Amino acid sequence: MEPSYIFLTMAVTLLSMPPTGFGQGTTRVGFYSKTCPRAESIVKSTVESHFRSNPAIAPGLLRMHFHDCFVNGCDGSVLIDGPNTERKAVQNSLLRGFDVIDEAKAKLEAACPGVVSCADILALAARDSVVLTKGINWKVPTGRRDGKVSLQSDAAKLPGFTDSIESQKQQFARFGLNTQDLVTLVGGHTIGTAACLVFNYRLNNFTNGGPDPTINPSFLPQLRSLCPQNGNNFRRVDLDTGSANKFDTSFFTNLKNGRGVLESDQKLWTDASTRTFVQQFLGEKGVRKLNFGKEFAKSMVKMSNIGVKTGSNSEIRRVCSAIN
């Protein structure tokens, strides 16, 4: 997929309103146009600089934004460092990209002190990461404020890699995200990697002493060679085999072919309620085709407005890793 630009004027207008019961504030495109005109370009150039030296930063930032939004809303709380914070939770132990956000924040503080929130920096960086991996571009509504609470225990709310589709649906639904949003956003796994420790249990002794039967038998030797028993649990393996650095639909093709790395990902194909959306993204005959890039942009706008903070329960942090 070549980089393309989508102007989601109507979609942004509608989707920037947070789901009922989950958001307290609203966002809009161009929030910093007068108070910090260079805000988006500063974030973009910072992400680009890090991406040139380490392309793995792109999926890291995208995942970090997701992890932020699914714990008490998109408020930058995952960025706060310290004992018993979200950042210290096992679910967030493999996140990467904190240094990128810190650098962008430092530059923004020099240009526009106390104006741009860390939550917005992360939302913008996630979009820029998709663009850098040949994915779609979209306008990001901004105006989030930073949360003042970050608890390690709250990270238990994040979806897990063994979750059933029904469980995943429930977790997404509590934030106003539907089944199509679920499939679309999990499609972000088209870029990035996973550590062996989050899927190697599927390779041996999964059921009746054998591997997970949903894994294509021809794919199993490859996974076992990358993650042998008693091997390095922290070795990184591409989530989208053959196309881990490009934002495209090959992730869904891999699911169709039994080549999903995570158990929760592969279930998108084995469960009939989500398989239809995978088929639509692949443009299969008999189903209405969906453009993955465009739908991803819409779902990202929708997700990025979960739990937008306002008033005394929020602030604009001067340093993203610490509450003012």
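In the predicted model, aspartate 240 is placed in the loop that runs between β5 (236-238) and α9 (250-256). This residue is listed by UniProt, in an unreviewed entry, under the feature "binding site", together with Thr190 and Asp248. The three positions span 59 residues in sequence, yet no two of their C-alpha atoms are more than 9.6 Å apart, so they gather at one spot.

A further set of positions carries the "binding site" label in the unreviewed UniProt entry: Asp68, Val71, Gly73, Asp75, Ser77 and Glu86. These residues span 19 residues in sequence, and because no two of their C-alpha atoms are more than 12.5 Å apart, they too gather at one spot. Of this set, aspartate 68 has its place in helix α3. Helix α3 covers residues 57-69 and is one of the elements on the side of domain 1 that touches domain 2.

According to the unreviewed UniProt entry, residues 26-324 carry the feature "domain: Plant heme peroxidase family profile". Helix accounts for 40% of this span and strand for 4%. The C-alpha atoms at the two ends of residues 26-324 lie 23 Å apart.

The domain assignment divides the chain into domain 1, made up of residues 38-158 + 308-315, and domain 2, made up of residues 165-302. Domain 1 is thus given as two segments of the chain. Taken over C-alpha atoms, the centres of domain 1 and domain 2 are separated by 24 Å. To the contact between them, domain 1 contributes 21 residues and domain 2 contributes 23 residues.

About 1,800 Å² of area is buried between domain 1 and domain 2, and carbon and sulfur atoms give 72% of this area. Salt bridges between domain 1 and domain 2 number 0. Polar contact across the interface is found for 4 residue pairs, with both residues at pLDDT 80 or more. On the side of domain 1 that touches domain 2, two or more residues each come from α3 (57-69), α5 (118-132) and β2 (136-138). Helix α3 supplies the largest share of that side, with 7 residues. By residue class, the side of domain 1 that touches domain 2 consists of 13 nonpolar, 3 polar and 5 charged residues.

Terms used. Residues are numbered from 1 along each chain as its sequence is written. This is a predicted model: local features need pLDDT of at least 70, side-chain atom pairs count only at pLDDT 80 or more; totals for chains, interfaces and linings use all residues. Side-chain values use heavy atoms; hydrogens and water are left out. Domain bounds come from an automatic or database domain assignment. Contact means heavy atoms within 4.5 Å. Buried area is the accessible area (1.4 Å probe) that two parts lose on being put together, summed over both. A salt bridge is a side-chain nitrogen of Lys or Arg within 4 Å of a carboxyl oxygen of Asp or Glu. A polar contact is a pair of N or O atoms within 3.5 Å; within protein, one must be able to donate a hydrogen and the other to accept it, and residues adjacent in sequence count only if both atoms are side-chain atoms. Ala, Val, Leu, Ile, Met, Phe, Trp, Tyr, Cys and Pro count as nonpolar, Asp, Glu, Lys and Arg as charged, and the others, Gly among them, as polar. UniProt positions are given in the numbering used here, feature names are shortened, and annotations may be inferred rather than shown by experiment.
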